[in-house]
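Here is a walk through one protein chain, written for someone new to reading structures. Keep the picture open beside the text and look up each residue as it comes along.

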Amino acid sequence: MTSKPLSRRTQMSGVSAVGTLIWIASLLIALVAGILISQNGWLSDPGMGNPASMDSETGKDSASDEPLYWVAPMDPNFRRDGPGLSPMGMELVPVYAEDNQDSPGTIAVDGAVIQSLGVTLGKAQQLPLVIERRVPAQVVANPETEWMLMSRVDGWVEEQFVFRVGEFVKQGEPLLSLYSPRLISAQEELLAALASRRSALIEASRSRLVAMGMTRAWVRALERRRKIQQKVTILAPQNGTVTALDLQPGRRLTPQTHLLTLSDFSTLWLEADLYGNRSVDFEVGDAGLVRLGGQQFEQTIQRVYPLLDRLGNYRLQLTLDNAQAAFLPGMWGEVQLRKQYPAVVQIPADAVIDDGLQPRVVLALDSAADDSGKFKSVAVQTGRRSAVNQSTGTAWVEVLAGLEAGDQVVTSGQFMLDSESSVSSDLLRYDPRDSGRERVWMTGTLAPAGVKNGRIVIQHQGIPEWRWPAMTQDYHLALPASDVVARPGDLLRMELVALDDGDYCVVQLESSSLLKPRPAREPGRAAPPMEGMSHDHSHH
């Protein structure tokens with residue numbers, strides 16, 4: 001069998017297939033080489049032309065090869081100048097200069113993750129602070145208009161003219177009549193004194209009748225009549241409603257027996273209890289919107305009681321004009337109190353994460369809601385809560401420390417970011433080294449954790465020099481732990497120093513009563529250095 005020669009088209013097709021295979025193989029080799037080059041940093045390392053600046057094993061620049069310090073994986077506050085084990089038995093992790101550009105706790109989040117979390121941002125703003133409180137209020141009788149009838153003599157009730165609580169009595173109307181041998185005797189003495197025309201005796205007899213509860217007008221009427229009254233009638237001294245009654249004909253009377261109480265309801269008091277946050281003060285003269293008995297009107301605060309009740313409330317009192325008898329004691333209403341203070345730094349209340357120990361927010365460092373960015377949990381000291389803006393429905397809260405006007409905070413989706421950031425964050429917004437003040441005195445109390453592993457946990461007030469809020473934080477202690485005999489809750493005043501590696505150290509405690517006395521030094525012998533205060537900061 002003879003074979004036919006291949007046609008030119010067939011020959012060309014074979015050559016094209018072989019070329020395609022060679023091109024694909026070359027492309028694969030180039031891709032593999034590119035991956036190896038990128039992994040070893042051959043193209044991106046600026047020290048490529050200078051082999052002396054390259055570490056032979058790691059390829060790391062020798063200038064930045066030395067770590068700044070070692071840190072525990074689960075506790076970024078536990079630092080050492082060399083490798084070792086953390087208190088949990090884990091290997092310490094080195095931190096290099098290029099790893100330390102961001103403050104502790106800073107996390108970088110991709111834009112897609114930001115969108116999936118539904119992250120929204122709000123801005124800290126300098127706004128007028130409007131305080132609003134809605135509190136229940138109760139109408140009570142005005143004690144300044146009450147009159148109580150008490151018996152000052154022995155006797156008996158002969159007749160009564162009022163019979164029930166709630167009965168209205170006009171001024172001058174009779175309330176009851178009584179018989180008293182002592183009143184009869186006192187009348188006889190006055191008449192005898194008048195007959196003797198001895199002025200001193202007459203005045204003494206008048207005073208005795210007044211002391212027994214008789215009015216000056218009643219005594220003058222007796223002097224005109226010159227006739228003793230066996231039964232004495234008691235008249236109402238004012239208009240009023242009977243609010244207490246203990247009368248019965250024939251009842252025996254003794255001094256200090258309570259007979260009845262009259263209250264004038266033409267003016268009433270409206271009392272409201274406000275929870276005892278005295279940093280939000282409503283003062284005398286502040287206006288309140290009253291809703292009571294289907295009516296709505298403005299009324300000013302007349303009195304603020306200076307004491308707190310057992311529930312921690314302090315009481316406000318407003319006066320009601322009740323000439324039309326529209327209100328009665330015992331009615332309940334509502335008072336809406338509103339007061340505007342000068343402008344302060346405020347953030348949306350939704351941004352605050354408060355776990356009961358340390359209020360904090362998630363600060364947006366350089367992010368936008370639709371792009372990648374960096375976030376960090378920072379501690380804040382919050383103050384008064386502003387009223388809800390009626391147009392936007394946003395509630396605002398005052399920030400005393402930790403933020404500045406213009407800072408952006410996360411208002412929704414912040415809990416996931418906070419769970420990632422707060423684990424390693426120092427919760428500090430500002431570095432004291434930036435302000436040029438590297439040490440400051442502060443006041444705080446010893447936390448229940450106390451002193452452990454060379455560190456002291458303090459619940460301290462805000463530090464205005466460093467713009468720090470009040471917070472609970474642990475610091476290195478430059479004293480032996482055995483020297484501190486303070487108990488949790490004891491008040492301490494201490495000097496805090498900012499170290500050059502980012503940590504903070506308590507170097508002095510002011511109160512000598514909280515420290516054990518050190519043994520006296522021998523003459524000529526130098527004082528031992530304070531523990532942990534070596535120049536290389538080996539206490540970390």
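Let's start with two aromatic residues: Trp 468 and Tyr 504 are both buried. Bear in mind that this is a predicted model. The ring centres of Trp 468 and Tyr 504 sit 5.0 Å apart with the planes at 80 degrees, and that angle is over 60, so the pair counts as edge-to-face. Where do Trp 468 and Tyr 504 lie in the chain? Trp 468 is in the loop between β27 (455–460) and β28 (471–477), while Tyr 504 belongs to strand β30 (residues 504–509), so the pair ties together parts that are 36 residues apart in sequence. These two also have company: Trp 466, Trp 468, Tyr 475 and Tyr 504 make up one aromatic cluster.

**More rings**

The count of aromatic pairs comes to six. One of them is Phe 297 with Phe 327, where the centres are 6.2 Å apart and the planes are at 40 degrees, so this pair is tilted. Phe 297 is in strand β17 (residues 295–300), and Phe 327 is in the loop between β19 (313–321) and β20 (332–348); with their positions 30 residues apart, the pair links distant parts of the chain. Phe 327 has a relative accessibility of 5%, so it counts as buried, the cut-off being under 20%.

Here are the two ring pairs side by side:

| Ring pair | Distance between centres | Angle between planes | Kind |
|---|---|---|---|
| Trp 468 and Tyr 504 | 5.0 Å | 80 degrees | edge-to-face |
| Phe 297 and Phe 327 | 6.2 Å | 40 degrees | tilted |

A ring can have a charged partner too: Arg 384 lies over the face of Tyr 341, 4.7 Å from the ring centre.

**The whole chain**

Now zoom out. The protein chain holds seven helices and 30 strands. It has 540 residues, and 37% of them count as buried. Take the contacts with a separation of 6 or more: 69% of these are between residues 24 or more positions apart. The accessible surface is about 31300 Å², with 53% of it belonging to carbon and sulfur atoms.

**A four-stranded sheet**

Next, look for an open sheet of four strands, ordered β7-β14-β12-β9 with antiparallel pairing. Its edge strands are β7 and β9 (168–169), each pairing on one side only. Inside the sheet, strand β12 (residues 240–245) and β14 run antiparallel and are joined by four bridges. Ala 244 has Thr 261 of β14 as its bridge partner.

Strand β14 (residues 258–263) also contains Ser 263. Is Ser 263 buried or exposed? Its relative accessible area is 1%, so it falls under the 20% cut-off and is buried. The side chain of Ser 263 makes a polar contact with that of Glu 146, at 3.4 Å. Beyond its neighbours within four places in sequence, Ser 263 touches several residues, including Thr 145, Gln 238 and Thr 243.

Just before β7 (146–150) comes a loop that links it to β6 (125–141), and Asn 142 sits there. Being in a loop doesn't leave this residue in the open: Asn 142 has 5% relative accessibility and counts as buried. Which backbone atom lies 2.9 Å from a polar atom of the side chain of Asn 142? That atom is the backbone nitrogen of Glu 144. Leaving aside neighbours within four places in sequence, Asn 142 is in contact with Thr 267, Leu 268 and Trp 269.

**A strand on the inside**

Strand β21 (residues 360–364) has five of its five residues buried, so the rest of the structure largely encloses it. In a regular strand the side chains alternate between the two faces of the sheet. On one side of β21 you find Arg 360, Val 362 and Ala 364, on the other Val 361 and Leu 363, and both faces are covered. β21 pairs with strand β22 (residues 373–379) in the antiparallel sense over five bridges, and Val 362 stands opposite Ser 377 there. Two bridges also join β21 to strand β25 (residues 408–412), again antiparallel, with Gln 408 as the partner of Ala 364.

**And a helix**

Finish with helix α5 (residues 216–225), where Trp 218, Val 219, Ala 221, Leu 222 and Glu 223 are buried. Their cover includes α3 (181–196), α4 (199–211) and β11 (231–235). After α5 comes Arg 226, which has a positive phi near 55 degrees.

How values were computed:
Residues are numbered from 1 along each chain as its sequence is written. This is a predicted model: local features need pLDDT of at least 70, side-chain atom pairs count only at pLDDT 80 or more; totals for chains, interfaces and linings use all residues. Side-chain values use heavy atoms; hydrogens and water are left out. Buried means under 20% relative accessible area, exposed over 50%, partly exposed in between (1.4 Å probe, protein chains only). A polar contact is a pair of N or O atoms within 3.5 Å; within protein, one must be able to donate a hydrogen and the other to accept it, and residues adjacent in sequence count only if both atoms are side-chain atoms. Contact means heavy atoms within 4.5 Å. Two strands pair if DSSP finds at least two bridges between them. Accessible areas come from the Shrake-Rupley method with a 1.4 Å probe; for residues, only the protein chains shown count as cover. Rings of Phe, Tyr and Trp (its six-membered ring) pair if their centres lie within 6.5 Å; planes under 30 degrees apart count as stacked, over 60 as edge-to-face and the rest as tilted. A charge sits over a ring if NZ of Lys or CZ of Arg is within 6 Å of the ring centre and within 35 degrees of the ring normal.
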